[in-house]
Amino acid sequence: FKTDIKRKLPRNNLYSNLLLDSKENLLLFSNDSIYISYDKAVSWVPTGKMNFISEKLKISKQNILYNNEAIDNITYSLDYGLNWNSFQLERPFSFSEVYLTANNLFYWTEEDFLTSNSVLKYTYNFGKTIQTYNLPSTYRLLFVDDYENLYFRTNTLTEIKVLNIINNKES
């Protein structure tokens, strides 16, 4: 029983991220390329190109690559990086992490520090339309699960709020 197994990397390069897709294939990201391994890192196949910092990449349950932090746009790929798409955001003063659910809804919050207003934004059609949901200024988005439940920190230290704006339920 050997637990220390060394695998060759596709080429000499600085690799910054390693993700596992829903089929348990490994995705390796360098500063300019994406590689996929179908055999637990025994071999690597080039699959796409990178044009931004890959440490911020995540992969959804539907194997959509997306940048989970954005300043002015959200970037995503439906084909492991062969083609990249993006949609523009209004210039928020502050934004939260970006989440992509199993139903392909992107969620993020935008905050205006001058007014303390916070809004939840989401899109179900990859940015063609962006919906807005006003939040209390004390809410901070912590997590979004695969069933569209949004978990918020509130101003109390003893509770979190769970909100599902699709089903219009709060708990």
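**Note on N83 and the β5-β8 sheet**

1. The side chains of N83 and D79 are joined by a polar contact of 2.6 Å, a polar contact being a pair of N or O atoms within 3.5 Å in which, within protein, one must be able to donate a hydrogen and the other to accept it, while residues adjacent in sequence count only if both atoms are side-chain atoms. This is a predicted model, in which local features need pLDDT of at least 70 and side-chain atom pairs count only at pLDDT 80 or more, whereas totals for chains, interfaces and linings use all residues. Residues are numbered from 1 along each chain as its sequence is written, and side-chain values use heavy atoms, with hydrogens and water left out.

2. N83 lies in the loop between β7 (73-77) and β8 (85-88), where strands are DSSP runs of E, at least two residues, numbered from the N terminus. Because its relative accessibility is 46%, N83 counts as partly exposed, that is, between buried (under 20%) and exposed (over 50%), with a 1.4 Å probe and protein chains only.

3. Neighbours within four places in sequence aside, N83 is in contact with Y76, S77 and L78 (heavy atoms within 4.5 Å). G48, 35 residues away in sequence, has its C-alpha 7.5 Å from that of N83.

4. The open sheet has four strands in the order β5-β6-β7-β8, with antiparallel pairing (pairing requires at least two DSSP bridges between two strands). β5 (57-59) and β8 stand at the edges with a single partner strand each, so one side of each has no neighbour in the sheet.

5. β5 pairs with β6 (residues 65-67) in the antiparallel sense over three bridges, and K58 has Y66 in β6 as its bridge partner.
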